[in-house]
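Please prepare a guided tour of this structure for a viewer session, indicating what to select at each stop and what is found there. The emphasis should be on charged side-chain pairs and on one packing of helices.

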Amino acid sequence: MFEIRIHSRGGQGGVTAARLLALAAIYDGKYATAAPFYGAERRGAPIVSFVRIDDKPIRIYSQIRKPDMVVVLDASVMDVVDVLQGLKAGGKVFVNSQQKKTFSGYVSSNVDLTGIALKENLVVSGSPILNTPVIGALAKMGIVSVESAKKAIREMFTDERNVKAAEAAFREMSA
Amino acid sequence: MKKIATGNKAVAEAVKQVRPDVIAAYPITPQTEIVEQIAEFVSGGELKSRYIPVESEHSAMAACIGASITGARTFTATSSHGLLYMHEMTNWAAGARLPVVMANVNRSLGPGWNIWAEHTDALQERDTGWLQVYVSTVQEAYDATLMAFRIAEHNDVLLPVMINLDGFLLSHIMQPLDTIDPGDFIPPMSLPHAIDTKNPAGYGGLTGPDQQFRVRWDIERSMRDAVKVIEKTQEEFAKRFGRKYGFTEDYLCGDAEVIIVAMGTLGKEAEVAVDMLRQEGVKAGSMRLRWLRPFPKLNLKGKQVVVIDRDYSFGRGGILATEITAQTKEQVASIIAGIGGQEVTYEDIADFVRHRCMGTEFWFGVDKYV
């Protein structure tokens, strides 16, 4: 089983990113579940959501304690939340950032998802959309296939700019 | 068709396919996305049901009763305090022998104000004459909702059915969902005692001491007959659609020395605990109770039983543990865990088995292992 914890702020689409990722994994022929952190979500407050991917049906409902990967959609949450908590040794950390972030003992990577969203004019109510480009970056990391990532995005969004943003993130990802 | 859905959406999808004539619901916290999604289906023309937005849950059930008594297929959904507010009417629906189907998202009761998973809400409806099924996956929520209509409306049953799914844990999780075309799996509803609206006549009037016990006995007789109807419906479902369900879902129970009994998502996560325990050499098994009413005969002979209750009856104990000790002479260790959404992991469940103390009650988070 591969377990991912996504850190974001309420309203940034962290839950939708989890859902897209799970759907893409299902299109890859795997089993997946996506879950928000169960509580009252407030806009702007740090939140987490969870994705589990496996070759077998998933029977676990409790929260992810020891993720294989951590995705940070908003780097500013790192000031208030220990995003590395419980992360397995040698686990992956992906941060939405222009600057390269390195975390010793972990495999670190980053892409400027916000910049990509702004370039594609993918903005809703003044906020750049991060949940579709991040799927492109995760596809580059091999978490899901590119085909399934695009299929999942098209299943949930009609605006083709979402796919373009995911493709841009895929290209910019250093891998 | 392969898709991803929440438990709430799965129930709504099933309801759409069964096409009730009347859906009544009251939109207030803690209502569910089930009725929100159904409202969308109706307003978008995908579902041609009469949708009645009522002024309370009491009225939601009253509207379902009024519609059902004319022979209309009815559905509603609720949760927690909404269910409690219906209580007078849930008794009436069962007593009037009306096959209303309702989904209940299991949540704790206030105070404290808590919207997280707990089974005490539905268990307070235990003695109303409703059939109750507890599900553990998004797929099962969908399948059980489809089957609920066929079971409720079967003329050997004619009792309402409640589908229970854990608040947040199942109502909000996204899992794969395979939708099907039920076709004639659910025959048209035919209520033998339906009121002829063109020639209406009242019933349910004063029933004296010489008759009331017969009315009540008739509910119990149907509850007993429901066992066969449930079995047949589940068999037929498996034959047609390939997914098998029983009164319980048993996991490695055959050679087990200790069996975990739980309902809902805890019962599913218990299977992971069983795998861990087996690796340690503990012969464990999991029996997830699906149907609480009618309560099935559980095969627990010669086993140690660890019952996990996400509910409680003050002054007595875990409700499931009480039900089970009433049925079996086997030793029971009663665990109270998951109250108000308390986090319980498969590791915790394995600990309940490792540290079990037969014949005692253990409150997770309160008591210490001895």
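Select Asp184(B) to begin; in this predicted model, Asp184(B) counts as exposed, with a relative accessibility of 58%. The cut-off for that class is over 50%. Next, add Arg240(B), which forms a salt bridge with Asp184(B), the closest N and O atoms being 2.6 Å apart. Arg240(B) belongs to helix α8 (residues 212-241) of chain B, whereas Asp184(B) sits in the loop between β8 (174-178) and α8 of chain B, so the pair ties together parts that are 56 residues apart in sequence. Unlike its exposed partner, Arg240(B) is partly exposed, at 36% relative accessibility.

Move to chain A and select Asp74(A) together with Arg9(A). Their salt bridge has its closest N and O atoms 3.5 Å apart. The two residues link distant parts of the chain: Arg9(A) is in strand β1 (residues 2-9) of chain A and Asp74(A) in the loop between β4 (69-72) and β5 (92-96) of chain A, 65 residues apart. Is Asp74(A) buried or exposed? Its relative accessibility is 14%, so Asp74(A) counts as buried, the limit being under 20%.

Remain in chain A and display Glu160(A) and Arg154(A), whose side chains meet in a salt bridge at 2.5 Å, N to O. Glu160(A) is partly exposed at 38% relative accessibility, and Arg154(A) is partly exposed at 44%.

For the next stop, show both chains and select Arg59(A) with Glu140(B), Glu249(B), Lys268(B), Glu271(B), Asp275(B), Arg288(B) and Arg290(B); these residues are linked in a network of salt bridges. Over all chains, the count of salt bridges comes to 30.

Finally, select helix α9 (residues 265-279) of chain B and helix α11 (residues 346-354) of chain B. At what angle do the axes of α9 and α11 of chain B cross? The crossing is at roughly 65°, and the axes come within 8 Å. α9(B) is therefore roughly perpendicular to α11(B), and the crossing of the two helices is right-handed.

To view the contact itself, show the side chains of Leu266(B), Glu269(B), Ala270(B), Val272(B), Ala273(B), Met276(B) and Leu277(B) on α9(B). Opposite them, α11(B) contributes Tyr346(B), Glu347(B), Ile349(B), Ala350(B), Val353(B) and Arg354(B). Colouring by class displays ten nonpolar, no polar and three charged residues in the contact of α9(B) with α11(B).

Definitions and conventions. Residues are numbered from 1 along each chain as its sequence is written. Chains are lettered from A and ligands numbered from 1 in the order in which they are written. This is a predicted model: local features need pLDDT of at least 70, side-chain atom pairs count only at pLDDT 80 or more; totals for chains, interfaces and linings use all residues. Side-chain values use heavy atoms; hydrogens and water are left out. A salt bridge is a side-chain nitrogen of Lys or Arg within 4 Å of a carboxyl oxygen of Asp or Glu. Helices (H or I, at least four residues) and strands (E, at least two) are DSSP runs, numbered from the N terminus. Buried means under 20% relative accessible area, exposed over 50%, partly exposed in between (1.4 Å probe, protein chains only). Axes are lines fitted to C-alpha atoms, for helices over the stretch in contact, and angles run from 0 to 180 degrees between N-to-C directions. Angles under 35 degrees count as roughly parallel, over 145 as roughly antiparallel, 65 to 115 as roughly perpendicular and the rest as oblique. A crossing is left-handed if the near helix is turned anticlockwise from the far one by less than a right angle, and right-handed if clockwise. Contact means heavy atoms within 4.5 Å. Ala, Val, Leu, Ile, Met, Phe, Trp, Tyr, Cys and Pro count as nonpolar, Asp, Glu, Lys and Arg as charged, and the others, Gly among them, as polar.
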